[in-house]
Amino acid sequence: MYQKDSPTVATMMFGRRRAIEALRSPWLMPAFIVLMMLVPLLPIPEFWITQLNYIGLYAQVGLGLVLLTGVSGLTSFGQAAFVGVGAYTTAYLTLNTGLSPFITLFIGQALVVLVAIVLGFLTLRMSGHYLPLATLAWALSLNYTMANMESLGKYDGLLGVPAINLFGLSFADGRAMYVLIWGAAFISAVSVLHLLNSRSGRAIRSLKSGITMAEAMGISTFQYKLLAFVLAAMMAGMSGWLFAHFQRTVNPSPFSLAKGIEYLFMAVLGGIGHVWGAFAGSGAVKIIEDQLQVLLPKLIGTSGNFEIIVFGLILIGVLKYAPEGLWSFVERWVPAFQRERDWGGAKPLPSRDKPARGELLLDVQQVRKEFGGLVAVNDVSFSIRAGDIMGLLGPNGAGKSTTFNLITGVLGLTSGAVMFRGQNVAGLPSREIAKRGMSRTFQHVKMIAEMTVLENVALGGYLRTQAGPVQAVLRLDREEERRLFAEAERQLRRIGMAHQMNELAGNLALGPQRLMEIARALCTDPALLLLDEPAAGLRLKEKQALAEVLRQLKQEGLSIMLVEHDMDFVMGLVDHITVMEFGTKLMSGTPAEVQASPEVRAAYLGTEH
Ligand SMILES: Nc1ncnc2c1ncn2[C@@H]1O[C@H](COP(=O)(O)OP(=O)(O)OP(=O)(O)O)[C@@H](O)[C@H]1O
C-alpha cells in the first residue's frame with residue numbers, strides 16, 4: 001500500500017502527546033490568571049518581579065513552540081531570531097525616528113509576519129529532518145545579520161531604548177512591565193486555547209499525523225502549516241518587543257541559535273503538547289538557571305556557563321522519563337472538564353445536491369500508473385452508478401490501493417481519466433476532489449489519536465464550515481461549531497457509535513476506529529463514499545456490524561466503492577465487482593458472475609473457494 005506520510009521529526013523526538021487539554025476546569029484558568037496579575041501588588045522583592053518578567057517573556061515564545069512543534073509537529077530551533085526581529089525593529093525605530101512603541105509594535109509584527117511568510121514558503125514544504133535543519137540555517141543567518149549591521153550597532157547592539165508610555169502612564173519599572181508582559185502572555189495563551197478548540201485548530205492538530213488524511217478532508221495542510229508558523233513567529237516577535245522595552249537595550253546574543261535551542265528546551269521540559277507547559281518550562285528553566293549560576297561556581301571553583309551541562313542532562317532525563325514534560329505531572333491534579341453538549345437544536349449544516357439513483361457517478365477510463373518500470377495499474381476502466389455499492393477485488397499487489405489513490409487524488413495518474421459527476425478530476429489534489437463530493441477512509445486508519453471521536457468526525461465537516469482563525473480566537477465561531485458538532489454526532493449516531501463520542505480516538509479498538517473513519521467521511525456529506533479495505537483486521541462480529549452499517553447506508557441511497565480482500569464480506573454486500581490482477585482488470589460483473597468465472601477462481605478465489 002502506498003504510504004505518503006512519515007512521522008514528523010517532532011513526533012520522533014518527543015513522542016505522541018495527549019490531547020491539548022483546552023478545556024480544563026472552567027474556574028481554574030481564570031483564577032490562575034487573576035492571581036498572577038495581582039502579583040505586582042504584593043510585597044515581592046524586585047528581583048523576583050524581574051525573574052517573573054523573564055518567565056513571562058520566555059513563555060510567550062514557548063507558546064509559539066507549543067503550537068508549532070507540539071501541536072503541528074514542525075520543529076523549529078529558530079524562534080529566538082523572530083524575538084530578535086521584534087526587539088530590533090522597535091529599538092531601532094523608537095531610537096531613530098521617535099515613533100511610539102505602539103506603532104513600532106505593529107511595524108515589528110508586520111516585519112515578523114513578512115519574514116515568517118518568506119521563510120515558510122521556502123522551508124515548510126520540507127519534511128523529515130530537513131525542516132529543523134532549515135530553521136537552524138535561517139536562525140544563524142538572521143542572527144548574523146543583526147550582529148553585523150552597522151545601523152544596528154553590530155555586537156554592541158542598541159542602547160537607551162525608551163520605556164513604553166501609554167496615555168501618560170510610564171512602564172519604566174519592572175512592576176509596570178510585569179502587567180504588560182503577563183497580560184500579553186495570558187492573551188496569547190487564551191488565544192491559542194481558543195484557536196485549538198476550533199475548526200482551524202483541529203486542522204492544525206491534524207498536521208502532526210501526516211498530510212494525507214487532512215488533505216482528503218479538504219484541508220490545505222500547507223496553509224495551516226504556514227498559519228502555525230506565522231502565529232508562532234508573531235508570539236516570538238511580541239516577546240521581542242516587550243523584551244526591548246523591558247531591558248531598554250538590545251544586542252544579538254539573546255537572539256542567537258543557542259537561545260533558540262534553549263526555547264525549545266524550555267517548551268519540551270514544560271510539556272510541548274500543552275499550552276500551560278510553556279509556562280511551566282520557562283518557569284522551571286529560569287529558576288533552575290539562576291540557582292545553578294550561584295551554586296555551580298561554588299562547587300566547581302570556577303565560573304562559566306556550566307549550567308548548560310546540567311540542562312543537557314535534565315533534557316535527557318525528561319525525554320526518557322517524562323516525555324510529556326512537567327505539565328503532565330501538574331495536570332494530574334487539575335480536574336478535567338467535560339465539553340458540554342451545547343449543540344442540541346443547532347441548525348443543520350448545508351448539504352450538497354445528490355445524484356439521482358442510477359445516474360453515472362464515477363467513470364474510470366483507462367487509468368494507468370507506472371512506478372518507474374513497474375506498471376501498477378494498467379489501463380483499468382470501470383464505472384459506478386449512484387445508489388450502488390461497487391467492490392474492487394484482487395489478490396495482494398493487484399493494484400487496488402493504487403487505483404483507489406488515483407481516483408481520490410492521493411497519487412497522480414500516468415494517463416487516463418477519472419470522470420466524477422461528469423467532470424474529469426484526474427490530476428486534481430485530493431482536497432479538490434473532496435470538495436466535489438468524494439470522501440474516503442484508509443487501509444491503515446488515519447485519525448488524530450489525541451482528539452475525541454467527535455472531534456475526529458468533525459474534521460469531516462471542515463469543508464461545510466467556514467470560520468477562520470480570527471473568528472476562533474474571538475470566539476465568534478460558536479454557532480457554527482454547534483452546528484458542526486451536531487452534524488458529527490448525527491453521523492456517529494447513524495453508524496451506532498454516538499455513545500463513544502467523548503472517548504479519545506486512540507483508545508478505541510480497530511473496529512470502532514474504522515467505523516469512526518466512516519462517520520468522518522459521512523460528515524463530509526459525500527456523493528460517493530470510498531472505503532479502502534474497511535474489514536481488514538476486524539473480528540467476525542465487527543465485520544458483521546460493519547456490513548450492517550454499509551447495507552443501511554446503501555438503503556439511505558449512498559453510493560459506495562470498496563476495496564476488499566475478504567470475499568465473504570464483499571459477496572453479500574455489493575451490486576457489482578471489478579476484479580484486478582497484476583495491475584490489469586480481469587473482469588467486471590455481479591457477485592454471482594464473478595464467483596462463476598474460472599479466470600477469477602484461478603487468479604484469486606482458487607484456494608479459498
Ligand atoms: N509508491 C510506490 N512506489 C513503487 N511501487 C509501488 C508504490 N505503491 C505501490 N507499488 C507497487 O504497485 C503494485 C500494486 O500495489 P497496490 O498496493 O496498489 O496493490 P493492492 O492490490 O492494493 O495490494 P494490497 O492489498 O496488498 O494493498 C505493487 O507491486 C506495489 O509494490
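A residue counts as near a molecule when its C-beta atom, placed from the backbone, lies within 6 Å of it. By that rule, 13 residues surround the ligand in this predicted model. Helix α15 gives the most to that shell, with three residues. The helix itself is largely enclosed by the rest of the structure.

**Around the ligand**
- F371, A376, K400, S401 and T402 come nearest to the ligand.
- Two elements, β6 (374-385) and α15, each supply at least two residues of the shell.
- By type, the shell holds six nonpolar residues, six polar ones and one charged one.

**Helix α15**
- Is α15 buried or exposed? Nine of its nine residues are buried, so the rest of the structure largely encloses the helix.
- The helix covers residues 400-408.
- Its buried residues include K400, S401 and T402, and these three are among those that come nearest to the ligand.
- T403, F404, N405, L406, I407 and T408 are buried too.
- G409 follows just after α15 and takes a positive phi of about 85 degrees.

**Annotated transmembrane regions**
- An unreviewed UniProt entry places the feature "transmembrane region" at several spans, including 27-49, 61-82, 102-122 and 129-147.
- The entry also lists 176-196, 226-244, 264-287 and 299-319.
- Residues 27-49 are 65% helix and 0% strand, and the end C-alpha atoms lie 26 Å apart.
- Residues 61-82 are 68% helix and 0% strand. Here the end C-alpha atoms are 9 Å apart.

Note on methods: Residues numbered from 1 in each chain as written. Predicted model: local features only at pLDDT ≥ 70, side-chain atom pairs only at ≥ 80, totals over all residues. Buried ≥ 20, exposed ≤ 12 C-beta atoms within 10 Å, placed from the backbone. Helix = DSSP H or I, 4+ residues; strand = E, 2+ residues; numbered from the N terminus. UniProt positions renumbered as here; feature names shortened; annotations may be inferred. Nonpolar A, V, L, I, M, F, W, Y, C, P; charged D, E, K, R; others polar.
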